[in-house]
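Me: I'd like to learn how to read the contacts in a protein–DNA model. Could you walk me through this one?

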Number of protein chains: 2
Amino acid sequence: MTDDRSTELIGTYSIPQRCQHNPTVTCSDCRLGELCLPIALDSIEINQLDTIVQRGKPLQIGDELFHEGATFNAIYAVRSGSFKSYKLFAGGGSQVTGFYLPGEIVGMDGISSLTHTVSTVALETSSVCEIPFKRFTELSLKIPSLQNRFFRMMGKEITSDQQVRTLLSVKTAEQRVAALLLSLSTRHQRRKLSATRLRLPMTRADIGSYLGITIETVSRVLSKLSKQGLIKLDQREVEICKFNALQELVMEKP
Amino acid sequence: MTDDRSTELIGTYSIPQRCQHNPTVTCSDCRLGELCLPIALDSIEINQLDTIVQRGKPLQIGDELFHEGATFNAIYAVRSGSFKSYKLFAGGGSQVTGFYLPGEIVGMDGISSLTHTVSTVALETSSVCEIPFKRFTELSLKIPSLQNRFFRMMGKEITSDQQVRTLLSVKTAEQRVAALLLSLSTRHQRRKLSATRLRLPMTRADIGSYLGITIETVSRVLSKLSKQGLIKLDQREVEICKFNALQELVMEKP
DNA sequence: CGAGTCATTGATGAACTTCAAAGGGAGTGG
DNA sequence: CCACTCCCTTTGAAGTTCATCAATGACTCG
């Protein structure tokens with residue numbers, strides 16, 4: 001069955017994944033088809049999309065997909081692994097602006113000014129489909145459902161950014177961490193992976209930077225949630241024990 | 001010259017504005033053309049756009065443009081006045097998610113799920129151009145530069161959302177307030193209005209909610225900036241005395 | 001094995017919130 | 001025209017949450 005070396009994410013439920021970084025898989029073959037760009041496209045249209053998509057070899061941890069200030073040429077659909085985007089500050093230091101999982105689009109930050117406003121690096125061995133933007137917009141003119149799909153994906157980015165903003169402005173440290181765990185869980189689930197067990201691909205520092213709290217606070221909150229039995233924690237492996245309790249926690253007034 | 005009753009925003013520089021709420025002005029006549037959607041469109045294309053744009057009578061202060069949960073049908077280009085968007089919380093209370101000035105597009109929050117995720121109300125007497133989204137997307141297929149323009153406007157929304165997120169997660173109350181003032185100033189300037197004098201259309205409560213701080217803190221910070229001579233303050237009238245100093249303040253590490 | 005990175009935990013302090021009270025402006029009605 | 005109310009705003013004092021500083025523990029990789 002699982003004849004290839006599937007990276008065992010967590011003990012009890014290894015996920016058989018055929019060639020997750022394999023550059024020869026087309027959009028029509030891709031397991032992610034139903035949550036990536038091609039959704040709502042018929043097979044002919046998917047093939048058209050395929051002709052402009054470029055698939056390179058996998059990136060290793062820390063490898064840069066693009067960096068802040070670089071000319072914007074393409075958007076990228078994450079195929080496997082995960083990425084973080086971050087912005088550097090003048091006086092040193094940086095701020096993580098997003099995490100990207102398979103099926104999600106990274107690089108939209110460059111659309112408006114034609115220059116990337118953030119840098120993006122792989123958090124683990126990862127691969128992407130590169131989609132040259134100019135060609136993509138041309139194709140979108142011919143395929144209404146593709147244009148529509150992309151409008152909606154950008155809209156999604158906007159609304160989820162706004163959710164994060166709410167998180168940052170009114171929620172406590174505990175609520176922020178809980179919300180991130182739930183978000184990762186939901187996104188796992190969309191890929192038919194376990195909703196309750198996940199491996200955090202990012203460091204505590206990344207989490208803290210993203211959530212606007214310090215690494216120490218992240219650590220303390222995770223410990224607390226663990227002691228309260230809402231989650232189980234083993235390094236970067238997280239098991240969500242009480243999903244509902246976490247959700248209520250996030251909903252609560254600060 | 002200025003024969004109509006131009007609303008005098010602030011003493012020393014009254015702005016002559018011809019019929020700012022006048023629903024008969026077309027896109028090609030509109031003073032905002034160069035910063036609104038029509039940018040980069042030729043006159044034929046602008047006329048095509050005009051055919052789908054609907055202009056209603058002005059909204060009064062507190063009037064709702066659309067509310068959270070409503071079906072998404074259209075986006076709106078602000079023509080005059082100003083709006084705020086906000087989200088209600090389950091347990092009561094709300095969070096302001098954005099302010100919108102003339103030339104800006106409001107309503108993109110509904111694109112992804114076809115349901116508005118925020119409510120939007122007028123902060124003063126205001127008017128909008130309603131752009132039915134379905135027809136707009138159809139037109140975008142025919143006018144590449146319109147599609148392109150809208151991609152970029154959505155991209156802009158994404159990058160500016162991310163800037164606000166940075167503001168909320170790493171900046172102090174003082175920096176946040178300063179950043180908002182600068183943002184309003186910049187947006188004023190784009191409309192050829194004074195960059196140094198402006199009238200805040202929103203309450204302190206709105207500002208606080210938007211910036212993730214309390215109304216008391218907003219008040220204290222404004223007083224402090226005023227005492228330091230960076231701004232002059234008279235109710236909602238603000239004069240920015242030291243633009244550069246404010247900018248440096250925003251840039252500083254917290 | 002040792003160096004380096006990442007993570008946990010404790011003690012202190014600062015920024016902001018919360019609670020409380022009082023000071024304007026704008027609008028309404030007598 | 002004045003008194004009245006309502007809302008918005010300002011200012012002060014006490015209380016929390018989280019950041020900062022500091023030290024130790026755990027894991028990884030050459």
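Me: Which atom of DNA strand C does a polar side-chain atom of A:Arg220 lie 2.8 Å from?

Reply: First, the ground rules. This is a predicted model, where local features need pLDDT of at least 70, side-chain atom pairs count only at pLDDT 80 or more, and totals for chains, interfaces and linings use all residues. Residues are numbered from 1 along each chain as its sequence is written, chains are lettered from A and ligands numbered from 1 in the order in which they are written, and side-chain values use heavy atoms, with hydrogens and water left out. A polar contact is a pair of N or O atoms within 3.5 Å; within protein, one must be able to donate a hydrogen and the other to accept it, and residues adjacent in sequence count only if both atoms are side-chain atoms. Here, the partner of A:Arg220 is a base nitrogen of DNA strand C.

Me: What do A:Arg204 and A:Arg236 lie close to on DNA strand C?

Reply: Phosphate oxygens: a polar side-chain atom of A:Arg204 lies 2.8 Å from one, and for A:Arg236 the distance is 3.4 Å.

Me: Which elements give two or more residues to the surface near DNA strand C?

Reply: Elements are DSSP runs numbered from the N terminus: helices (H or I, at least four residues) and strands (E, at least two). Near means that a heavy atom of the residue lies within 4 Å. For DNA strand C, the elements are α6 (215–227) of chain A and α6 (215–227) of chain B. The largest share, four residues, comes from α6(A).

Me: How many residues are around DNA strand C, and which come nearest?

Reply: There are 15, and A:Arg204, A:Arg220, A:Ser223, B:Ala173 and B:Thr217 come nearest. On the DNA side, sugar and phosphate account for 62% of the strand C atoms within 4 Å of the protein.

Me: Now the protein pair. How many residues of chain A are in contact with chain B?

Reply: Contact means heavy atoms within 4.5 Å. By that rule, 40 residues of chain A touch 40 residues of chain B.

Me: How many salt bridges does the rule find across that interface?

Reply: Look for a side-chain nitrogen of Lys or Arg within 4 Å of a carboxyl oxygen of Asp or Glu. Between chain A and chain B there are two. One of them joins A:Asp161 to B:Arg165, with the closest N and O atoms 2.8 Å apart. On the side of chain A that touches chain B, β5 (94–100), α2 (133–142) and α3 (144–170) each give two or more residues, and α3(A) has the largest share, 19 residues.
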